[in-house]
Amino acid sequence: MSAMFSQNPLMNGPNYSFNQAPATASGGNTEHSFYPYTDNGGSTLAISGNDFTIIAGDTRSTSGYSINSRYSPKVFKIGGTTSSQDDANLVLSVVGFAADGEALKERLDAIVKMYRYQHGKPMSVKACAQRLSTILYGKRFFPYYVTAILGGLDEEGKGAVYSYDPVGSYEREQCRAAGAAASLIMPFLDNQVNFKNQYIPGSGEGHALQERENIPLPKDEVEDLVKDAFDSAVERHIEVGDGLQMLIITKAGIEEKYLPLKKD
Amino acid sequence: MFRNNYDNDSVTFSPQGRIFQVEYASEAVKQGSVVVGIVSKTHAVLVALKRNAEELSSYQKKIIAIDEHLGLSLAGLASDARVLSNFMKQQSLSSRLTYGRAIPLSRLVNSIGDRAQTNTQHYGKRPYGVGLLVAGVDETGPHLFEFQPSGMTQEMVACAIGARSQMARTYLERNLEKFVDCGREELVVHGLKALKESLAQDKELTVENCSVGVVGIRGEGMKAIEGFKLFDGQNVKQWVDMVAEGTEEAAEEESMEVDS
Amino acid sequence: MNHLPQAWGRPRDDVYGAYDSSYLQNGGPTQHTQRPIVTGTSVVALKFKDGVVIAADNLASYGSLARFTDVKRLRKFAETSVVGFGGDVSDMQYLDRLLNSLDIQEAYGSSGHTLNAQNLHTYLSKVLYKRRSDFNPLWNQLLVAGLDGESKPFLAAADLLGTTFSSPSLATGYGAHLAQPLLRNVAPDEEAASKLSLEQALEAVKESMKVLFYRDARSMDKYSIAVITKDGIDLKENEQLEKQSWAFADQIRGYGTQVN
């Protein structure tokens, strides 16, 4: 007689001999085995100076332990009028899920291009930074799985770096490392760019120690810092390597440098 | 112009097979100041005469850059032209986005042609009151296209539309064979000369009232293009000066012909 | 006994168990691909001096069953490019139909404009990314081989997530682990690839196919191979792996029951 009790827990107890459960619900939710994200590894880094900004990224693209490509840039010029982006004044770096990064880059680029077309002047970094935030937040519930960094020169000609989380919260910073080796590079930057934990020798004991004065670094010194940061990251992180791409923004324009990194 | 029973909308033919609203739209093109376009083996140029509505106002915008590889000049209702150019901008951006390719000119011009045509076949719509010259380069080289409110588009070697453009067209027809092998500078000068022909008696070409747009190819493939560039104000001085000198000789020749 | 009309003519639950009415449902939730069913394995490709060599075997597997042994996984596009498909075969066939209609659309009307391999790859990656963003992926890994806008060899990959990358040599699936190291030996970078001859490239790709057949259980010894140069596409769809050597097989110890 147990078969008189339906399998359906909602209808336990004496029941009709046929199943009266609603014909549409087949019981339980279908499990989605498709996961729309992946991590393509790599790291990016941006440092702003008095009259320049440097944004850099390695050029390795990975899937798990495999290397997809040794040259797959994640630092892009944004909003130029030509396909070569020669006259661009903004730089975007994206690290995380490369397909989302590419989509985000193209969307921002189209928006900045339309801005120039409609207003007859290039977009400021500040405006672009705000806009990028709203783009990311617009996909709050299906985010672009990327850490973005936007760089350029502000209205006063000073270097500007804006960093983001995947859903659009952002702030302007002196420097920022993102991606796979962010946790390796960022402390190095804190120490070498913002002089954290550097004190003037013999200036006191304990908390009385005087901090080293914070001065903006010159461009060539920052370039060397970037190289060192990546050489170190390559040594200790398997997803970082192959090549280092650096975009250096000054009032003269954007200079691109490529340096080989270890390919192991 | 007299009214008749067949010009209330753009969907009704007259017994003579004419659509008056479309013809009136073409009249709007003839009200606009003249624009000239010429194409050679390597370049396509647009030259436009700008008007200022009154002494105190600025000069109107006659040439619009659409994308790296193309631009347009307009004669007629500027606001209608802006709608079309916005659409063309969208189309060219989306071509670059989905294919990573500069949109072929013929396809872009066809798309605005189709848009204009629908306006002539739907009740309650109004034809665009503007004519366009679209100049640009694509994989098949430099091109110049003419667009009319009727939705008609055609590829041209040289073309002039707008007020008094007949004079400019006459100049272009006379010099037709020369254009093919012209370099960039020569082509602009030809354009300005054509423009000058259509000028009213008391008018001169000045840096204020001239706009020039140039686009061309440098070599094989789309990577080696000279992107569409718009010249205004002092940037057109070099060419305007050349034409100002050149025409004195031409004028003499003309007068001699008349004498003999 | 049950007298309700709903139960008339139905098998009794107490005798036959609960009636499975799931087959009656046709208005259920829309279903999306959650996993590939009939699959193709690796595609391998290598750039050389004048173009690209690409290869894939002719097997479509149903799980571990070698289900279809004559499935061509290299598809031509517009006589300019070849797309090599790994992953779900029905999605491959859908994409093939999509590309055919795109080809027709592009060739229709305006002449002189074609989509090159780079354009095609951009387009395919947008299709794949759109579908993954709709949670309805096309379950493929694909390689696009051909020439770019400057007629230089072009090779790039795209997958079901919309991820794209390009490299002198590429391989999908098992090939990424087994073939890619061999291909990178002959072409570690773009410069090395640009010095490879067709013969060298063919040899490296055929060697890769052989290694894959030895070690990939979902592979087959019948394969397709295509060479894309500016002169066109040379596609062979019924190649047989040559010079196989299974001499090593009886040297293998330690698997299954054969312990020493």
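Colleague: Hi! How many residue pairs are in polar contact across the interface of chain C and chain A?

Modeller: The rule finds 7 such pairs, both residues at pLDDT 80 or more. A polar contact is a pair of N or O atoms within 3.5 Å; within protein, one must be able to donate a hydrogen and the other to accept it, and residues adjacent in sequence count only if both atoms are side-chain atoms. Bear in mind that this is a predicted model: local features need pLDDT of at least 70, side-chain atom pairs count only at pLDDT 80 or more, and totals for chains, interfaces and linings use all residues. Side-chain values use heavy atoms, with hydrogens and water left out, residues are numbered from 1 along each chain as its sequence is written, and chains are lettered from A and ligands numbered from 1 in the order in which they are written.

Colleague: Which element of chain C gives the most to the side that touches chain A?

Modeller: That is α3(C), with 4 residues. Helices are DSSP runs of H or I with at least four residues, strands are runs of E with at least two, and both are numbered from the N terminus.

Colleague: And how many salt bridges are there between chain C and chain A?

Modeller: The count is 2. In a salt bridge, a side-chain nitrogen of Lys or Arg lies within 4 Å of a carboxyl oxygen of Asp or Glu. C:Arg132 and A:Asp100 meet that way through their side chains, at 3.0 Å, N to O.

Colleague: What area is buried between chain C and chain A?

Modeller: About 2,800 Å², with carbon and sulfur atoms giving 55% of it. Buried area is the accessible area (1.4 Å probe) that two parts lose on being put together, summed over both. On the chain C side, C:Gln34, C:Arg132 and C:Phe135 lose the most area to chain A, together 20% of what that side buries.

Colleague: Changing topic: is C:Thr122 buried or exposed?

Modeller: Buried, because its relative accessible area is 17%, and the label applies under 20%, with exposed over 50% and partly exposed in between (1.4 Å probe, protein chains only). C:Thr122 sits in helix α3 (residues 117–133) of chain C.

Colleague: What does its side chain reach?

Modeller: The side chain of C:Thr122 reaches the backbone oxygen of C:Gln118 at 2.9 Å. Leaving aside residues up to four places away in sequence, C:Thr122 touches B:Leu97, B:Thr98, B:Tyr99 and B:Gly100; contact means heavy atoms within 4.5 Å.

Colleague: What is the mean pLDDT of chain C?

Modeller: It is 92, and 94% of the residues of chain C reach 70 or more. pLDDT is the predictor's confidence in each residue, from 0 to 100. The model scores ipTM 0.85 and pTM 0.87.
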